[in-house]
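Here are some exercises to work through with the model open beside you. Try each task on your own, then compare your steps with the solution.

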Amino acid sequence: MSQTPREDFRAAAHTAAELVADYLGAVASGPVWQPTDDTGRERLLSAPLPAAGRPLEELLTAIGAEVMPYPMGNGHPRFFGWVNSAPAPAGVLATLAASAMNPSSAGGDHADVHLERTVVRWIAELVGFPHEPGAGILTSGTSMATVLCLAAARNRAAQRAGWDVREDGLAGMPPLVAYVTGETHSCVRKAAELLGLGSRRLRTVPTDAEGHLDVAALRKAVAADRAEGLLPFLVAASAGTVNTGAVDPLDAVADLCEEEGLWLHVDGAYGAFGVLDPAIAHRYSGMERADSLALDPHKWLGVPVDCGCALVRDAAGLRGTFSLVPPYLRDDEAGGLGWFSEYGMEQTRPFRSLKVWATIAHRGRDGVAADIARCTALARHLGELVERDPELELVAPVETSIVAFRHRAPGLPPADADAVNRDLPLAVQRRGRAFVTGTVLAGREALRACLLNAATTEEDLEVLLAEVRAAAAELMAERRG
């Protein structure tokens with residue numbers, strides 16, 4: 001007797017649970033990353049559009065054989081690349097339930113809408129950002145959160161200049177100017193270009209030797225632009241740069257923004273949750289004074305991708321930037337806050353809040369804080385290991401949980417040493433025992449290790465440095481011929 005569709009799904013769901021549990025259980029014992037083999041790559045790239053469907057169990061078999069053996073690697077405790085976290089188990093489970101419900105979280109009276117109000121408030125409480133109902137929204141990530149925050153800032157600046165940018169656009173208005181540093185994430189420039197501000201009006205302010213925004217230089221830049229008849233309107237500061245994890249002097253920047261009437265936007269995509277670690281919380285003083293804060297639960301919290309968050313001080317200002325309610329979406333029961341779709345670009349919005357709720361609820365504030373403190377302590381330890389290693393050098397102070405360093409490549413001229421450091425990340429990745437990525441700091445090639453996984457051990461750090469030394473030795477031997 002054949003099974004009903006519901007019985008088929010139940011059986012497949014049990015198989016899927018075993019498949020995922022086995023995968024997660026085996027991550028740490030396998031290679032961190034390995035290239036997809038030629039056969040597997042070709043199979044994925046050339047798969048024909050099927051004419052007939054396949055049973056669920058058969059699909060799961062294919063997923064287990066053709067997809068899951070080739071991960072990015074970010075679930076492994078020795079994955080130190082970019083800013084990609086391991087998935088929190090509670091978030092993995094919640095993702096299945098959210099997918100089963102499959103609502104549009106634009107608005108209405110259903111669980112996901114109310115839950116999003118709560119998790120946005122939880123996020124604000126975790127990082128100490130003032131929160132009024134409606135003054136925040138979940139997004140696909142900080143890139144989109146940055147677009148929303150900068151759009152609200154642009155709208156406020158235009159209104160202060162007597163301009164309705166929603167009706168009239170920017171044409172004819174005195175140019176708006178924003179201020180960043182060379183360490184500011186590229187999403188800020190993308191947002192400025194998308195919003196019609198133009199990258200030419202994005203001033204790059206100098207930093208100090210450790211990568212922090214120079215407030216005195218910022219003050220001079222603002223004065224110079226005002227003298228030219230331009231309209232300074234926003235400063236984008238960082239609560240943890242991607243290159244080194246440096247936190248800008250947020251209190252001093254907030255003081256200047258208050259004096260000059262500028263919108264202070266803080267990019268906390270990766271680093272904002274570092275405020276939960278008492279050992280480094282002092283670095284974040286002033287973050288709570290920002291007009292907007294963008295951050296990613298899918299980074300340090302481990303919420304499965306995708307999930308960013310935009311927090312703003314003025315809920316009405318964010319809503320006034322985006323609210324557009326056609327008759328077919330009118331909801332007379334929506335209450336004073338309206339729909340989430342009035343606070344951003346997305347109309348159909350996925351059920352992101354359940355995986356955030358599950359991840360935070362599973363660990364609790366104390367557990368989240370302990371995980372973050374564990375990562376920062378490991379980063380400091382890695383920095384000490386680098387400083388003690390005669391083959392390696394630290395290229396920036398360890399402020400949060402990113403360690404930037406390079407191989408000295410002894411005996412090679414500077415250009416060749418730089419080439420070795422440029423090639424090192426991929427060489428380490430291909431060895432399969434650790435994963436690290438590269439960057440350029442002060443014109444020199446460097447490696448950067450980002451620690452987001454509280455399951456990482458001190459032994460894992462030793463493996464990372466051993467792999468760097470071994471890969472460097474092979475690269476130097478090739479250079480020497």
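Buried means under 20% relative accessible area, exposed over 50%, and partly exposed in between (1.4 Å probe, protein chains only). This is a predicted model, in which local features need pLDDT of at least 70, side-chain atom pairs count only at pLDDT 80 or more, and totals for chains, interfaces and linings use all residues. Residues are numbered from 1 along each chain as its sequence is written, and side-chain values use heavy atoms, with hydrogens and water left out.

**Exercise 1. The whole chain**

Task: Find what share of the 481 residues of the protein chain count as buried, and how the radius of gyration sits beside the globule rule.

Solution: Start with burial: 48% of the 481 residues in the protein chain count as buried. Next, list the secondary structure: the protein chain holds 14 helices and eleven strands. These are DSSP runs numbered from the N terminus (helices: H or I, at least four residues; strands: E, at least two). The radius of gyration of the protein chain is 24 Å, close to the 23 Å that the globule rule gives for 481 residues, so the chain is as compact as a globular protein of that length. Here the radius is taken over C-alpha atoms, and the rule is 2.2 Å times the number of residues to the power 0.38.

**Exercise 2. The sheet with strands 8 to 11**

Task: Work out the strand order of the open sheet of four strands, and say which strands are at its edges.

Solution: The order is 8-9-11-10, with antiparallel pairing; two strands pair if DSSP finds at least two bridges between them. Strand 8 (392-394) and strand 10 (437-441) are the edge strands, each pairing on one side only. From one strand to the next, the twist averages 40 degrees. Now follow strand 11 (residues 444-450): five bridges join it to strand 10, and four join it to strand 9. For landmarks, Thr439 stands opposite Ala446, Thr437 has Arg448 as its bridge partner, and Phe405 stands opposite Leu447. Six of the seven residues of strand 11 are buried, so this strand is largely enclosed by the rest of the structure. Finally, add helix 13 (residues 414-431), which lies across strand 9 (402-407), strand 10 and strand 11, at about 30 degrees to strand 11. For such angles, axes are lines fitted to C-alpha atoms (for helices over the stretch in contact), and values run from 0 to 180 degrees between N-to-C directions.

**Exercise 3. Backbone details**

Task: Which two residues does a cis peptide bond join, and where is Ala442 found?

Solution: The cis bond joins Val305 and Asp306, with omega about 5 degrees. Asp306 belongs to the loop between strand 6 (292-295) and strand 7 (308-312). Ala442 is in the loop between strand 10 and strand 11, which form a hairpin with two residues between them. Although not a glycine, Ala442 has a positive phi of about 50 degrees; the residue is exposed, at 83% relative accessible area.

**Exercise 4. The nonpolar cores**

Task: Which residues touch the most other members of the largest nonpolar core?

Solution: Phe273 and Leu311 do, in a core of 55 residues. Such a core is a set of buried Ala, Val, Leu, Ile, Met, Phe, Trp, Tyr and Cys residues joined through side-chain atoms within 4.5 Å. Apart from this core lies another, of 37 residues, among them Cys187, Leu202, Ala236 and Ala310.

Note on methods:
Contact = heavy atoms within 4.5 Å.
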